[in-house]
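Please examine the sequence and the model shown below. The paragraphs that follow lead through its main features one at a time.

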Amino acid sequence: MHVLQPGLFSFMDYINFVEEHDAIYHLLASIDVSIVERKFRPAWTGRPMYDRGAIFKALVLKERLKIATIEGLINVLVHSPSLAYWCGFDLTRRIPSATVFYRFYYELLEDNDLGQLFSNICYNLVGEIAQTANIEAQA
């Protein structure tokens with residue numbers, strides 16, 4: 001028989017504490033995914049879709065963390081519930097498979113508006129990272 005010991009504090013307490021100080025949280029929270037959600041409205045047939053805004057934020061996170069592959073991104077999201085939560089994934093469901101990410105990524109690149117939005121966000125990230133590195137180097 002196993003006895004489960006409760007944690008010192010809940011997951012939500014941990015998230016609320018970390019959110020104040022985490023740069024990645026602030027980056028993901030600043031991304032407006034309303035355009036993505038409008039373009040990819042569910043047809044309400046078949047299985048419920050994964051949140052396209054969450055997948056979009058996860059792809060931005062992939063670029064920010066310089067993760068080489070989508071499989072690597074999925075591994076990071078599976079082992080870091082806080083990152084998955086900040087992206088917008090429902091923690092009671094599984095993280096989408098690589099196929100879902102690749103399909104969305106190709107749909108994103110085919111759509112000129114969304115592809116441009118993704119490119120702009122990733123381009124702006126490079127500037128923010130360089131600026132942060134300069135500030136940290138001066139300190």
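In this predicted model, the buried residues of helix α4 are Arg-52, Gly-53, Ala-54, Ile-55, Phe-56, Lys-57, Ala-58, Leu-59, Val-60, Leu-61 and Lys-62. Eleven of the 13 residues of α4 are therefore buried, so the helix is largely enclosed by the rest of the structure. From its first C-alpha to its last, α4 reaches 18 Å, close to the 18 Å expected for its 13 residues at 1.5 Å a residue.

Lys-57 belongs to this helix, which covers residues 52-64. Its relative accessibility is 12%, and because buried means under 20%, Lys-57 counts as buried. Which residues does Lys-57 touch, leaving aside those up to four places away in sequence? They are Leu-28, Ile-31, Val-33, Trp-86 and Cys-87.

A second lysine of α4, Lys-62, is likewise among the buried residues of the helix. Lys-62 has a relative accessible area of 12%, whereas Glu-63 is partly exposed, with a relative accessible area of 34%. Side chains of opposite charge can pair when their charged atoms come close. Lys-62 and Glu-63 form a salt bridge, in which the closest N and O atoms are 3.6 Å apart. How many salt bridges does a search of the whole structure find? The search finds one.

Attention may now turn to helix α7. This helix comprises the 13 residues 98-110, which at 1.5 Å a residue should span 18 Å; the C-alpha atoms at its ends are 18 Å apart, in agreement with that value. The buried residues of α7 are Ala-98, Val-100, Phe-101, Phe-104 and Leu-108. Seen down the axis of α7, these buried residues fall within an arc of 160 degrees, so they line one face of the helix.

Leu-109 also lies in α7. Is Leu-109 buried or partly exposed? Its relative accessibility is 44%, and because the partly exposed class lies between 20% and 50%, Leu-109 counts as partly exposed. Together with Tyr-102 and Tyr-106, Leu-109 forms a nonpolar patch on the surface, and the accessible area of the three residues together is about 290 Å².

Further along the sequence is helix α8, residues 112-138, in which Gly-115 is found. Gly-115 counts as buried, at 10% relative accessibility. Where does Gly-115 stand in relation to Tyr-105? The two are ten residues apart in sequence, and their C-alpha atoms are 9.0 Å apart in space.

These elements may finally be placed within the chain as a whole. The protein chain contains eight helices and zero strands, and read along the sequence it follows the pattern α-α-α-α-α-α-α-α. Of the 139 residues in the chain, 33% are buried. The accessible surface of the chain comes to about 9600 Å², and carbon and sulfur atoms account for 55% of that surface. As for contacts within the chain, among those between residues at least 6 apart in sequence, 65% join residues at least 24 apart.

Conventions: Residues numbered from 1 in each chain as written. Predicted model: local features only at pLDDT ≥ 70, side-chain atom pairs only at ≥ 80, totals over all residues. Heavy atoms only, no water. Helix = DSSP H or I, 4+ residues; strand = E, 2+ residues; numbered from the N terminus. Expected span 1.5 Å × (residues − 1). Buried < 20%, exposed > 50% of the residue type's maximum accessible area, 1.4 Å probe, protein only. Arc of directions from axis to C-beta. Contact = heavy atoms within 4.5 Å. Areas by Shrake-Rupley, 256 points an atom, 1.4 Å probe, with all protein chains shown as cover. Patch = residues over 30% accessible without salt bridge, like charges linked within 9 Å, V, L, I, M, F, W, Y side chains within 5 Å. Salt bridge = Lys/Arg side-chain N within 4 Å of Asp/Glu carboxyl O.
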